[in-house]
Amino acid sequence: MTNGWTDIRNADVILAMGGNPAENHPVGFRFVMEAKRNRDAKLVCVDPRFNRTAAVADQFVQLRAGTDIAFLCGLIHHALEEERYHAEYVRLFTNATFLVKEGYAFDETRGVFSGWDEAKKAYTDTSSWAYELDGNGFAKADPMMRHPRSVFQVMKKFYARYTPKAVANICGCNEQDFLKAADLITSTYTPERAGTMMYALGWTHHSHSVQLIHAAAMLQLLLGNIGRPGGGLNALRGHANIQGGTDCGMAYHNLPGYIPIPKADHQSLDAFVKAVTPKPLRANETNFWKNTDRFAVSQLKAYYGAAATRQNEFGYSFHPRLPQSAAGANENWSWAYIFDAMYRGRVEGLFSFGMNPVSNGPHSRKAISALTKLKWMVVAENFEQETAAFWRDDILALVDKKPEDVQTEVFLLPAANFAEKDGSFVNSARWIQWKWKAVDPPGEAKPDQEIIARIFLKVRELYAKEGGKFPEPIRALNWWYSNATVPSLDEVAKEINGWALADLRDEKTGAVALKAGQQLARFADARADGTTLSGNWLYIGMYTDAGNLAQRRSFGDASGLGRYPDWAFAWPANRRILYNRCSADAEGRPWDPTRIGVAWNGARWVGDTPDITADSPPGAGLGAFMMLPEGVARLFVPGQFADGPWSEHYEPAESPVANPLHPSHSANPALKLFTTEFDVLGTPDEYPIVCTTYRLTEHFHYWTKNNAYSVQLQPEFFVEIPEELAREKGIAKGDRVRVTSARGSIEGKAMVTRRIRPMMVGGKTTYQIGFPIHWGFLGRGQQKGSLANLLTPTIVDPNSFAPEYKGFLVKLEKV
Amino acid sequence: MSLTRRDFVKASTLGGVAASVLGFDLAPAWAQVRALKIARTTETRSTCPYCSVSCGVIIHTTGDRSRNVKPTVVHVEGDPDHPINQGTLCPKGITLKQNIVNDRRLTKVRYRAPGSRAWEEKPWDWAIDRIARLVKDTRDAHFIEQDGRGRTLNALTALGVIGGCTDTNEINYLLVKAFRAGLGVIPIEQQSRI
């Protein structure tokens with residue numbers, strides 16, 4: 001989230017789309033109801049189903065799963081066409097004034113950007129997706145935004161195609177409903193109004209998901225809603241600590257703190273730092289990533305301690321580098337690619353710490369088949385689950401195998417749960433909150449830190465005894481914890497924040513700012529000369545000499561806006577609203593004096609922790625987006641995405657219609673398909689129904705099927721079917737039905753409903769159905785092997801590599 | 001005096017505030033009520049492990065942390081002082097006790113031998129020794145010191161690590177440190193991708 005749960009109460013308009021917060025984040029949803037009650041805020045809900053959020057919405061629009069992006073593009077068009085955008089904000093804080101490089105083009109009839117090679121079916125030259133630069137390498141701009149190649153004019157032209165009629169035709173909604181929703185949503189373009197957007201997996205689980213979020217960001221920027229109390233673009237996030245996992249480097253492509261992983265090309269620390277540090281695109285920009293060297297060296301010091309010296313580039317060569325293919329492309333080891341490689345026999349061992357890929361990854365049958373190729377697998381868990389038990393008869397039957405055929409050695413380690421160990425979670429509002437251990441784990445279950453430490457120390461012992469491949473990093477790893485086999489998480493938290501290894505002098509005054517051994521307090525404390533260590537720069541300030549600030553529990557709130565600055569610690573730097581410089585005008589006066597984000601008091605920015613140098617006056621011209629080398633937000637995105645600089649509507653990989661805008665390139669042209677015999681797509685003649693998956697408030701993912709109350713509340717898998725479709729198929733409420741995709745099938749009870757209506761798409765009646773995900777093979781009550789992901793495809797977004805779980809094709813029959 | 005919302009609720013429960021607010025004395029009625037189960041428990045502040053609203057919860061355990069008492073969880077409730085949930089919980093959160101005290105919880109190491117149809121129980125030391133051996137064998141067999149162009153990689157792609165959505169920051173960091181920075185593992189992913 002750019003803002004936070006408690007800030008949603010400050011909104012005038014809330015768009016809930018690509019998420020169903022009333023069902024899935026019910027307690028956070030209180031703040032929507034509070035905004036409605038206290039501010040007369042309007043809630044707009046756009047979803048494939050009339051869901052629990054829709055039930056309390058002021059305006060609901062049903063759309064076809066997989067077409068949210070067209071709806072958002074339509075809203076962008078509406079804002080631009082009706083001049084419902086915040087012009088001064090757009091000029092100040094976005095790249096609308098920048099000039100797009102000559103040579104950039106978009107082919108409207110084919111739906112591809114310049115650089116597309118039709119023969120190779122790929123973007124082979126994306127150099128035109130860029131700004132026009134001057135002699136100093138800075139971007140050229142037209143402050144009046146009238147130049148035909150200004151981002152603003154290019155944008156207007158690009159989105160002109162998304163008329164209400166075109167949107168209704170693609171999304172299967174009613175044009176008048178779209179317009180009513182559009183008027184409400186864009187009503188926040190005036191300075192005194194603010195609107196927020198709440199989204200979740202309904203936006204991120206598509207083959208164009210990153211561009212979907214890009215479209216929402218563009219809209220919020222046009223409306224002047226980013227950085228403001230009651231505004232923002234808020235990813236609800238589905239799990240207690242996926243935010244923290246991402247922050248701490250649990251993704252193949254990032255180190256902790258979103259530093260890109262070194263690649264084969266980066267053969268020295270200097271080459272690495274040079275390659276990943278952006279050059280400023282305007283004079284005097286903060287360009288905060290210029291500090292990458294400080295953060296990377298401090299991290300290497302945290303990893304390798306005294307073994308990281310200036311002579312050995314702080315142990316840079318101990319750290320692995322991402323391999324590159326013969327053609328020079330970086331290897332992809334994201335989730336679906338790991339399982340593809342596993343299926344092809346390229347992965348021999350797997351550790352799964354609380355993960356259940358058979359259930360929660362795409363295409364369960366491919367996942368099961370991949371696991372059978374493993375030599376060994378270690379699963380640390382609270383409950384026995386489908387992945388650990390994939391070798392059971394009933395699960396292997398899905399891929400026509402028997403336990404005797406599968407040689408995988410499996411270890412299922414009993415692990416402590418959340419209540420049985422301490423440590424911190426980061427919620428969707430970026431609050432790092434500490435929790436305390438309440439009770440010991442049952443039986444012989446052990447906390448994860450002990451499992452990790454004992455395995456690592458045993459491997460280290462084997463290397464010490466026997467030697468082996470490149471033992472240096474294993475030997476050098478800084479395992480300094482007082483109790484090596486059960487590291488204290490308090491000590492780990494201290495290391496993540498980091499401390500000074502020598503006396504540090506203030507870079508301006510020369511006075512000693514921190515003594516050796518003191519915890520770092522500010523980002524500026526991190527050094528590139530090996531005199532600091534910090535496991536994750538992003539969390540600097542969380543654990544200072546004042547103690548572990550994630551443990552703070554004071555609910556004082558001087559702002560009156562629900563900021564609670566002394567409750568826990570929010571990254572970065574305890575900032576509660578990201579990009580908050582945008583909450584004030586060019587002179588630093590808040591757009592809305594009743595909802596102050598930050599304000600310039602003549603000497604400093606006051607309010608929230610300012611997202612700009614605290615004493616830099618408004619006139620100094622520092623941009624509001626310090627993490628970007630241009631200092632302003634990107635409407636047009638130069639060279640960052642695989643599928644283009646603008647968000648365009650592409651159909652899901654499986655779609656009932658060819659893309660009405662450009663049928664020849666219907667789905668995202670930048671998609672890369674997997675090619676095993678499992679990676680198949682269905683066509684609408686055989687699979688005519690659009691299908692989507694979702695969650696229920698009574699269950700959490702695949703865990704609560706072990707809890708008696710949750711199972712009593714929602715005992716079994718069901719399929720939601722529109723009344724009209726049920727009539728056509730002779731299906732009555734409670735009948736057993738089978739849903740089949742090109743990948744597999746699933747059976748369950750029919751729930752015939754009016755919550756999903758038939759739609760007119762491309763001039764023909766189209767049905768969609770849906771089902772919840774929470775069942776499987778192991779748990780209480782009626783599991784019956786109802787794994788939702790038996791049906792989902794292995795299609796992934798070309799930027800985020802997130803699977804397309806929403807909007808695939810199926811057929812439906814009565815059993 | 002700073003009165004937290006929780007203190008206020010406690011005071012109300014004891015009758016003092018209730019009497020003054022309601023204008024009549026509830027004390028005789030309270031005397032008839034059996035002492036609350038949570039009256040003698042130890043309270044621990046925690047965070048709900050389900051969605052990322054991250055509601056504050058209070059876990060009640062029996063016992064007073066005496067050395068020879070083995071505490072068990074008897075109740076989990078919303079934390080009234082938490083600014084997000086202010087004491088409330090959803091239908092999942094309210095049943096958290098069942099997630100902790102549950103007869104389906106794993107309490108022993110289980111092992112499935114190649115080709116087997118059943119789990120066997122094993123001691124921890126045996127499992128750690130065997131896992132470490134397998135890790136080392138895989139790493140030694142597949143570690144990539146250099147690529148085809150002679151560039152140093154020091155990477156291992158034949159071993160994957162996937163982490164869960166309820167691993168704390170500290171656990172995630174330790175996983176990254178031990179497996180990526182230590183052993184050189186490249187395929188490291190978690191729930192956020194999917």
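These legends go with close-up views of a predicted model.

**View 1. Helices H13 and H15 of chain A pack against each other.** H13 covers residues 335-343 and H15 covers residues 364-371, and their axes sit 8 Å apart at an angle of about 50 degrees. That angle makes H13(A) oblique to H15(A). The crossing of H13(A) past H15(A) is left-handed. From H13(A), the contact uses A:Phe339, A:Met342 and A:Tyr343, while H15(A) brings A:Lys366, A:Ala367, A:Ser369 and A:Ala370. Sorted by class, the residues of this contact are five nonpolar, one polar and one charged.

**View 2. H15(A) is mostly covered.** Seven of the eight residues in this helix are buried. Here they are by name: A:Ser364, A:Lys366, A:Ala367, A:Ile368, A:Ser369, A:Ala370 and A:Leu371. So what lies over them? The cover over the buried residues of H15(A) includes H13, helix H14 (357-360), strand S13 (376-381) and helix H16 (393-396), which belong to chain A.

**View 3. A cis peptide bond sits between A:Trp571 and A:Pro572.** Omega for this bond is about -10 degrees. To find the spot, look in the loop of chain A that runs between strand S23 (569-570) and strand S24 (598-600), where A:Pro572 has its place. As background, most peptide bonds are trans, and most residues other than glycine have a negative phi. The S23-S24 loop of chain A also holds A:Tyr579. A:Tyr579 isn't a glycine, yet its phi is positive, at about 60 degrees. Is A:Tyr579 buried or exposed? A:Tyr579 has 25 C-beta neighbours inside 10 Å, so it counts as buried.

**View 4. A:Arg237 has a positive phi.** The value is near 60 degrees, and this residue isn't a glycine either. Which loop holds A:Arg237? The residue lies in chain A between strand S9 (233-235) and helix H10 (242-247). A:Arg237 is buried, because 27 other C-beta atoms fall within 10 Å.

**View 5. Strands S15 and S16 of chain A form a hairpin.** S15 spans residues 423-426, S16 spans residues 431-435, and four bridges join the two antiparallel strands. One pair to pick out is A:Ser424 of S15(A), which stands opposite A:Trp434 in S16(A). Along S15(A), A:Gly423 and A:Phe425 point one way, A:Ser424 and A:Val426 point the other way, and all are buried. There are four residues between the strands of the hairpin, and A:Arg430 takes a positive phi near 70 degrees.

**View 6. The hairpin strands belong to an open sheet with a chain B helix packed on it.** The sheet has three strands, in the order S15-S16-S23 of chain A, and the pairing is antiparallel. Which strands are at the edges? S15 and S23 of chain A are, since each pairs on one side only. Helix H6 of chain B (residues 169-182) packs on the sheet and touches S15 and S16 of chain A. The direction of H6(B) makes about 100 degrees with that of S15(A).

**View 7. A strand from chain A pairs with a strand from chain B.** Strand S12 of chain A (residues 349-353) and strand S8 of chain B (residues 159-163) run parallel and are joined by five bridges. One bridge to look for links A:Ser352 with B:Ile162 in S8(B). Zooming out to the whole contact between the chains, chain B puts in 105 residues and chain A puts in 131. On the chain B side, the residues touching chain A come to 49 nonpolar, 34 polar and 22 charged.

**View 8. Chain B contains six helices and nine strands.** Of the 194 residues in chain B, 46% are buried. Taking the contacts in chain B with a separation of 6 or more, 36% are between residues 24 or more positions apart.

Notes:
Residues are numbered from 1 along each chain as its sequence is written. Chains are lettered from A and ligands numbered from 1 in the order in which they are written. This is a predicted model: local features need pLDDT of at least 70, side-chain atom pairs count only at pLDDT 80 or more; totals for chains, interfaces and linings use all residues. Axes are lines fitted to C-alpha atoms, for helices over the stretch in contact, and angles run from 0 to 180 degrees between N-to-C directions. Angles under 35 degrees count as roughly parallel, over 145 as roughly antiparallel, 65 to 115 as roughly perpendicular and the rest as oblique. A crossing is left-handed if the near helix is turned anticlockwise from the far one by less than a right angle, and right-handed if clockwise. Two residues are in contact if their C-beta atoms, placed from the backbone, lie within 7 Å. Ala, Val, Leu, Ile, Met, Phe, Trp, Tyr, Cys and Pro count as nonpolar, Asp, Glu, Lys and Arg as charged, and the others, Gly among them, as polar. A residue is buried if 20 or more other C-beta atoms lie within 10 Å of its own, exposed if 12 or fewer, and partly exposed in between; C-beta atoms are placed from the backbone. Two strands pair if DSSP finds at least two bridges between them.
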